[in-house]
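Grab the viewer and let's work through a few exercises together. Each one gives a task, then a step-by-step solution.

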Amino acid sequence: MGAERLCPNCRSASRITKGEAIWPVDWTCADCSYQAPHRDGITLTAPDLADTISGFDPKDFDFLACAEIEHFWFAARRKLIVDLANKYAIGAKSFLEIGCGSGNVINAMAREREWDRIVGTEIHPSGLAHARPRLPASVELLQVDARRLPFSDTFDLIGAFDVLEHIADDQLVLSEIHRALALGGTFIATVPQHPSLWSVADEVAYHERRYERGELQAKLKAAGFRVVFSTSYTALLLPLMAVSRLRVRRNAGKSDARASVRQEFDISSMLNRILTMVLRAEVGLTARGMSWPIGGSRVVVAQKA
Ligand SMILES: [Zn+2]
């Protein structure tokens, strides 16, 4: 075995050597002579899907790129992911983030430790174009379809942070992630949970679902993973979230739903500081092993057995 690249056209496998780019610019399939096209310096392994609204409107990258850096929710999630990666995958030398968007998380991961290989993917090359100038040069970027990952036995750690809920066939994606991981490799996922919290915010974000209790863990087991940690998070925010969602629901008929959802981001810097402190405390407890019964989101750490 060992790290392998799968041809996007014929699926034949070829060895990825250490120090080589994850997808060399001039890579040609030895079996079918396929060459992946490029756009703005990004290799496209699923070019047919590059310009679609598959589970996300690329226009939202502009908005998210600015909102994510300081916003308490994104800041807390970023810290949670970094802390869990350090706890459960401290030996990992290679990291793949699926759906890295504008690069908020992979940026933090790139600066956290020395990687042999760190790769961010997106189905939308426009997201990667936003991410590129904000990321260290060591981060490689690639356009892929998560339902058809072009890798086998390649990464020690894979992350998908608020990505699976955008994809109808999430079970297929989990199987693809399982194959792309090295044996003993770690997968960390965050998803929104509790279908009862479903709102217009989920609709404008092109969510397929919010996860039911136990749903993600069951799907991970079906894909061959062993779940090693699972908890709700943003537990301390749940009352606030409920109020905010009610407000959005009440305003939904009166104003543009998208604008109304964006108001959720538009909070005073004082409130943002307070909520950041609350969630930092929560994340600190979670990283030390505390598991919360409820919360707007769920984080799961799983291992390729
Ligand atoms: Zn081929």
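**Exercise 1. Work out which residues of helix H10 are buried, and where they sit around the helix.**

Start with the list: Leu275, Leu279, Glu282, Val283 and Thr286 are buried in H10. They cover an arc of only 100° around the axis, so they lie on the same side of H10. (The arc is taken from the directions from the helix axis to the C-beta atoms.) A residue counts as buried with 20 or more other C-beta atoms within 10 Å of its own, as exposed with 12 or fewer, and as partly exposed in between, with C-beta atoms placed from the backbone.

Before going on, a word on the source: this is a predicted model, where local features need pLDDT of at least 70, side-chain atom pairs count only at pLDDT 80 or more, and totals for chains, interfaces and linings use all residues. Residues are numbered from 1 along each chain as its sequence is written.

Next, flip to the face turned away from the buried side: Ser269, Met270, Arg273, Met277 and Ala281 are exposed there. Finally, see what covers the buried residues: helix H2 (72-88) and strand S11 (225-233) are included. Helices (H or I, at least four residues) and strands (E, at least two) are DSSP runs, numbered from the N terminus.

**Exercise 2. Check the length of H10 against its residue count.**

H10 has 19 residues, 269-287. The expected span is 1.5 Å times one less than the number of residues, which gives 27 Å for H10. Its end C-alpha atoms are 26 Å apart, which agrees. Just after H10, Gly289 takes a positive phi of about 110°.

**Exercise 3. Trace the open sheet and find its edges.**

The sheet has 9 strands in the order S3-S4-S7-S6-S5-S9-S10-S12-S11, with mixed pairing. Strand S3 (38-39) and S11 each have a single partner strand, so one side of each is left without a neighbour in the sheet. Strands pair if DSSP finds at least two bridges between them. Now zoom in on S5 (residues 94-98) and S6 (residues 117-122): they run parallel, joined by 5 bridges. Phe95, for one, has Ile118 in S6 as its bridge partner.

**Exercise 4. Place His166: is this residue buried or exposed?**

First, find the loop between strand S9 (155-161) and helix H5 (170-180), where His166 sits. Then count: 21 other C-beta atoms lie within 10 Å, so His166 is buried. Last, look at Arg209, 43 residues apart from His166 along the chain: their C-alpha atoms are separated by 7.6 Å.

Key: Contact = placed C-beta atoms within 7 Å.
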